[in-house]
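I opened this notebook page to record a few look-ups, chiefly on cysteines and on one serine. The entries follow the order in which I made them.

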Amino acid sequence: MADVPDNAPEHCPGTTSEKAGTSASCQGCPNQSLCASGATKTPDPAIAEIGEKLSSVKHKILVLSGKGGVGKSTFSAHLAHALASDSTKEVALLDIDICGPSLPRILGVEGEQVHQSGSGWSPVYVEDNLSVMSIGFLLSSPDDAVIWRGPKKNGMIKQFLRDVDWGELDYLIVDTPPGTSDEHLSIVQYLSSTHVDGAVIITTPQEVSLQDVRKEIGFCRMVKLKTTIFCTGSALFTEKMCQDFNLTLLGKVPLDPRIGQSCDEGKSFLSEVPDSPAADVYRTIVHSIQEYCSKRVTGDQDTC
């Protein structure tokens, strides 16, 4: 649970629960008096602060996956590169995969440092109009393990949203870890005072991956996130799943080993191999996302 303190007992009901401070498992907990007072049930003031901080961000898109290794960060990076190919747009990527940050490597900025200014942390710039923030920039080595419990991860996500000098953005893309856990609950909670355009769920067509995607769809519906699906590889089963859940299949990118090679080298596949079938599909998908976001701006919010 996202609202369980680091030093809580095993069966803690959560600080925002009606039973906080009064259940049997609360006996002996150092937080019992605070929870029983009701102070922990008040909204986190950071939510309003984040809403104010991100008021100059026009569009916010979450990129999710049920299972790891399906191309989620690859898609996030290519979506950002494609959007930033329009020099009139300002684009940023936020990597909240705290334990497995891969965007610094994929974007070719591994080893860069985050700088502090009077207005907060400055994100790392990949291009003049494309920036990224990741915990990978705060580690002394790419091989360092981040061994954190939920509350510390949540605090880091809050800091990324509230304390980074994002500036005026057309698009903020949030790359999340696999699954539906602390990081996902936190990002939705912290963005609740601002508008999230929607979520793109990334999958491969195997049933073992689609099983987890169904859980991800359930999560999105519980937190009222509009959802679309993107698939790498042949997508016959993915198409059926989208029909069953009445969701849009954004596209199916054919497998191309040059995509992985470009990511390893920190380069954009769309620039390296612009005439490939996979690059064509990527551009079509990005165009669909741009159209959806533009319709939301003009008041049509029922397009997805």
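The entries below concern a predicted model.

Entry on the annotated cysteines. I began with the UniProt record, an unreviewed entry, which lists Cys12, Cys26, Cys29 and Cys35 under "binding site". These four span 24 residues in sequence, yet no two of their C-alpha atoms are more than 10.9 Å apart, so I noted that they gather at one spot. I then placed two of them: Cys12 sits in the segment before α1 (32-36), whereas Cys35 belongs to helix α1 itself. Cys12 has a relative accessible area of 17%, and because buried means under 20%, I entered Cys12 as buried. Cys35, at 10% relative accessibility, also went down as buried.

Entry on disulfides. How many disulfides does a search of the whole structure find? I recorded zero for the whole structure.

Entry on two other cysteines. I asked whether Cys263 is buried or exposed, and its 5% relative accessibility makes it buried. For Cys99 I wrote down 43% relative accessibility, which counts as partly exposed, because that class lies between the 20% and 50% limits.

Entry on Ser268. I located Ser268 in the loop that runs between α9 (257-264) and α10 (269-272), and with a relative accessible area of 10% I noted this serine as buried. Which residues does Ser268 touch, once those up to four places away in sequence are not counted? I listed His78, His81 and Ser262 as its contacts on that basis.

How values were computed. Residues are numbered from 1 along each chain as its sequence is written. This is a predicted model: local features need pLDDT of at least 70, side-chain atom pairs count only at pLDDT 80 or more; totals for chains, interfaces and linings use all residues. Side-chain values use heavy atoms; hydrogens and water are left out. A disulfide is a pair of cysteine sulfur atoms within 2.5 Å. Buried means under 20% relative accessible area, exposed over 50%, partly exposed in between (1.4 Å probe, protein chains only). Helices (H or I, at least four residues) and strands (E, at least two) are DSSP runs, numbered from the N terminus. Contact means heavy atoms within 4.5 Å. UniProt positions are given in the numbering used here, feature names are shortened, and annotations may be inferred rather than shown by experiment.
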